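Visitor: I'd like to learn how to read aromatic contacts in a protein model. Could you walk me through a case?

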Amino acid sequence: MKHILSITVVSLLLFACSSSNTNTNDLATANPIVTAIDLTQVVDDKAPVVINPGRFTQDTVIYRLPRIIQGSYAVNDFGKYIDDLKALDYNGNTLSVSKLDDNTWQIVNATRLDKLEYYVNDTFELEVAGGIGEEVPFSPGGTNISSENYVLNLHGFIGYFDSLKNAQYTLAVTAPANFKRTSALQNTNLKSSPDGTKITTSYFAPRYFDITDNPMMYGKLDVEEFMVGDIKIVLSVYSPNKKHKASTLKETVFKMMEAQMAYLGDINTTSRYDIYLYLTDRSEGQPKGLGALEHHTSTVAVLSETSTPERLSQSVIDVIAHEFFHIVTPLTVHSEDVHYFDYNQPTFSKHLWMYEGVTEYFAQHFQVYEGLISKEDYYKEINSQILRSTIYYDDAMSFTEMSENVLEEPFKTNYGNVYEKGALLGMCIDILMREESNGNRSMLSLMKELSNTYGVEKPFEDDALIDEIVDMTYPSIGEFLNTHVTGKTPVDYSVFLDKVGLTFEETKVETGFIQSAKGSIFAADQDKGTLFFASNVSDNSFWAEQGVLENDVVTSVNGQDVTLANARAILIQLYNAKVGDDINVVLDRNGKAVSINTKFTPAYTTKTDIIEDKNATADQVNVRKAWLNSKSGTNITDDKTKSE
């Protein structure tokens, strides 16, 4: 501001005091937080960010980047990727800043604070193959800063002030004019630089949640926009080696979304849904984790660029369908822990069985229900989930206990079971609902009823949900939830499959020397540096006949000592072995050496399939028809994709 120098010092003081006490137009509590990201000023793969909160009246304020984000049940510590944070006063001078932890900064003399400036490192380039190295956010929740592509998961760029948790935000993103840009965040203005080389896009967010809930993608993108019913779908694809295009995926996404909307029926959705698809070749600097992270009206997915078109299409169906079904839960039906989420020290709901498990169930079940896959393919998926959930995870763990303590061991390493056993729990409840109601009610209808009772702006009480579900349904649902979800009793899936006229069929089949029908018979102990036989070694007839037991440590094979460093080569050797080859293995069984010296003979395992019971009753068949619908047919990825 320009001052008139002839006024007296007294007048200056009076003016300053008067202004400070009466001018409320610039108060931080009365204005949006003004933020900016400039992608044209990236330095060393770091993007500059400016945060202007308005004028504070308190002397000390706290600024944070999220430690944990919604939908990601892991510590992310986005503050670790912030460099050179400066607090500037209205004269451009730096103020004192203390970094309290990885994600938290304290600014003193905050009444003088004009703005914060800092640089953001991306997380994609920090990922290492095999998960070895620094822990970084899972790719779909991470960030990318490169000359061709920017994945702007905004929780990695923009933070919040503790005292302004309910503040509105404006955001200006400046990028090269030739960049494509996609975001569902409300666009308020578009402005070109005088020389036409840059474009600044302005956005508005009603609260910090909307900043974290609306990712963006900028750069050399391939974008397709199309309507599915009343929903505008925006498909943004980045393929670094140009192996895939949005146009070749458009038909798959269209049919998938069309089927999902038919499956959901009258559940309220959205007028626009964005799919941000980053295809990685997993080379140096490229993300390694594959998957997706849901948002209310969008999803960010990282999938493999090296996939065939057919495989990529199926991956899109399996992954994106799951994220879209999150509009049911937790985006609509959720607890207070989710609704009032604390990005620094959150508490976790007990109901991951519903948020992730039921969502994954819908993502698989809708495909058979709407005729995208055959019944036989669906039975195979159920069987695979049963095997994975019982082999790789603790099948006797309380799901509600695991969910509430998901950041701690032993629960943390069992999180992946929400996509296996969690989906199977949803299946069992669905079958029970259809049996009890003569086919008139289902898992989906239950979620619709919960949506009507609660909703986006009305969370449920975490401890009360199961009792409410029982009141809404049947005693058998309560017994199931209390026994298998809250309780620790493993599920006998044959009981529930029998209700729909399905049974398990066992067949003896030939197998190799390193696996059984349940997967690899070998496991590694990273702490001890040893290779040992897993529990399913008993399902491989050759090794079982040699007397090999679970937990036997392999110390040598054909005279070669076995370590984790050469374990892969040893397993390849066993994989390529032929019947009649000599084999000498020395084992360590509880400190005692056990030697096996013989020739390879044919190995067999017992393969288990789910089939339709020829002796099923009419009632069982009717429940199955209600459960699977009558549209099961061919896989949509068998169709030729269309380009427009």
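Guide: Gladly! This is a predicted model, and a good place to begin is tyrosine 343. Its relative accessibility is 9%, below the 20% cut-off, so tyrosine 343 counts as buried.

Visitor: Which ring forms a tilted pair with tyrosine 343?

Guide: Planes that are neither under 30 degrees nor over 60 degrees apart count as tilted. Here tyrosine 160 is the partner, with 5.9 Å centre to centre and 50° between the planes. Both tyrosine 160 and tyrosine 343 are buried.

Visitor: Where do tyrosine 160 and tyrosine 343 lie along the chain?

Guide: Tyrosine 160 belongs to strand 11 (residues 160-161), while tyrosine 343 is in the loop between helix 5 (336-339) and helix 6 (352-369), so their pair ties together parts 183 residues apart in sequence.

Visitor: Why is the pair of tyrosine 208 and tyrosine 343 called edge-to-face?

Guide: Their planes stand at 85°, over the 60 degree limit, so the pair is edge-to-face, with ring centres 5.2 Å apart. This pair also links distant parts of the chain: tyrosine 208 sits in helix 2 (residues 208-212), 135 residues from tyrosine 343.

Visitor: Is tyrosine 208 buried or exposed?

Guide: Buried, because its relative accessibility is 4%.

Visitor: How many aromatic pairs does the structure hold?

Guide: There are 34. Ring pairs also join Tyr263, Phe325, Tyr361, Phe362, Phe366 and Tyr369 into a cluster.

Visitor: What lies over the face of tyrosine 604?

Guide: That is lysine 508, at 4.8 Å from the ring centre.

How values were computed: Residues are numbered from 1 along each chain as its sequence is written. This is a predicted model: local features need pLDDT of at least 70, side-chain atom pairs count only at pLDDT 80 or more; totals for chains, interfaces and linings use all residues. Side-chain values use heavy atoms; hydrogens and water are left out. Rings of Phe, Tyr and Trp (its six-membered ring) pair if their centres lie within 6.5 Å; planes under 30 degrees apart count as stacked, over 60 as edge-to-face and the rest as tilted. Helices (H or I, at least four residues) and strands (E, at least two) are DSSP runs, numbered from the N terminus. Buried means under 20% relative accessible area, exposed over 50%, partly exposed in between (1.4 Å probe, protein chains only). A charge sits over a ring if NZ of Lys or CZ of Arg is within 6 Å of the ring centre and within 35 degrees of the ring normal.
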